[in-house]
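Trainee: I've just opened this one up. Could you walk me through a few of its features?

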Amino acid sequence: LEHDLLAHIAAADTLDALEAVRVAALGKAGSVTALMKTLGGMAPDARLVEGPRLNALREVVAGAIAARKGELEAAALDARLATERLDMTLPAPERPTGTIHPISQVFDELAEIFADLGFAVATGPEIEDDWHNFTALNIPESHPARAMHDTFYFPQNAADSDRKMLLRTHTSPVQIRTMMTQAPPIRIIAPGRTYRSDSDATHTPMFHQVEGLVIDRGITLGHLKWTLETFIKAFFEVDDVTLRLRPSYFPFTEPGAEVDVGCSWAGGRLSIGGSESWLEVLGSGMVHPRVIAACGLDPNEWQGFAFGCGIDRLAMLKYGITDLRACFDADLRWLKHFGFRA
Ligand code: PHE
């Protein structure tokens, strides 16, 4: 029997098979257990001989099972380690990460540049009413400037007939909202989305502007020019820049000026500096006394300047973007190429 059992144990090649052998030998109805049970019916001197023999048999079998169990467990562990092995030298799979959109990047740069000059960032709603977008800015109803803005109007609500809603055509209504809620002196920039019904390679129906507004005592055109020069130099990271202020008309400024930046052509690309060609980047002027008065301030005490700058144009120039529409197509390849790492 011992020989047979040891052969079965050696032949068991899984833990389950080994357990079956154990139950068949040492279990309640096992062959060794059955032999042990015969001891009780034996004569005392036979029991004296058979007892130690059977105990020894049981121990040999139990020992062999334990040893075989150890072998099988070690083999199972080896097999698991072989299949679950991690190769730490393999390159990790690349995780897709987003990028900062060039327009957002420009917003951040502007906020930083103007923070150094003491300007806070202000915001206003993109869905505006006609009073903030036009009337308070000295553009009354039927003024031709309204037609120039290609405004997107909302269908008019009869119950609210004197509050015509529209998508703001410029960031200038933030001038009004700021002057009506903050006591001067005021120094703010207001970056944000603006809308006009217009579309080609350099115009999209949604575009971006940054408004600047300073209201204080004794503000002059000189402050405006210095601020714009400082801003353009810091933004384009150049030591010198030529600005051309062209007299122009905005109903909310007096006087008003359009500002061009001097550029030159290098390697087929327009770059900042020189005066080979002029790129119009912003509108500006001294805030019209009527606008100051419309906001409840005394224009004899408070003066200021304002400017409104097309941000998309600045971003295109600084980062070599040729088609503005691609900026807002949400094409991942474009965003990867022109975007910034967070
Ligand atoms: N709001 C004007 C525009 O969109 C720009 C501007 C702002 C001009 C402030 C003068 C002063 O064209």
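Trainee: Let's start with Phe 231: does it count as buried or exposed?

Mentor: Keep in mind that this is a predicted model. A residue is called buried when its relative accessible area is under 20%. Phe 231 has a relative accessibility of 0%, so the word for it is buried.

Trainee: How are the rings of Phe 231 and Phe 307 arranged as a pair?

Mentor: We describe two aromatic rings by the distance of their centres and the angle of their planes. Planes under 30 degrees apart count as stacked. Here the centres are 6.3 Å apart and the planes are at 20°, so the pair is stacked.

Trainee: And how many residues apart in sequence are the parts that this pair ties together?

Mentor: Look at where each ring sits: Phe 231 is in helix 9 (residues 221-236), while Phe 307 is in strand 10 (residues 303-310). Both also belong to one aromatic cluster, along with Phe 114, Phe 119, Phe 235 and Phe 236. Because of those two locations, the pair joins parts whose separation in sequence is 76 residues.

Trainee: Which residue has its charged end over the ring of Phe 235?

Mentor: For a lysine, we want NZ within 6 Å of the ring centre. The charged end over Phe 235 is 4.4 Å from the centre of the ring, and it belongs to Lys 318.

Trainee: What share of the ligand's accessible area does the protein cover?

Mentor: Around the ligand there are 14 residues. Among the contacts, a side-chain N or O atom of Ser 172 is 2.9 Å from a ligand nitrogen. Of the 320 Å² that the ligand has accessible on its own, the protein covers 92%.

Methods. Residues are numbered from 1 along each chain as its sequence is written. This is a predicted model: local features need pLDDT of at least 70, side-chain atom pairs count only at pLDDT 80 or more; totals for chains, interfaces and linings use all residues. Side-chain values use heavy atoms; hydrogens and water are left out. Rings of Phe, Tyr and Trp (its six-membered ring) pair if their centres lie within 6.5 Å; planes under 30 degrees apart count as stacked, over 60 as edge-to-face and the rest as tilted. Helices (H or I, at least four residues) and strands (E, at least two) are DSSP runs, numbered from the N terminus. Buried means under 20% relative accessible area, exposed over 50%, partly exposed in between (1.4 Å probe, protein chains only). A charge sits over a ring if NZ of Lys or CZ of Arg is within 6 Å of the ring centre and within 35 degrees of the ring normal. A residue is near a molecule or strand if one of its heavy atoms lies within 4 Å of it. A polar contact is a pair of N or O atoms within 3.5 Å; within protein, one must be able to donate a hydrogen and the other to accept it, and residues adjacent in sequence count only if both atoms are side-chain atoms. Accessible areas come from the Shrake-Rupley method with a 1.4 Å probe; for residues, only the protein chains shown count as cover.
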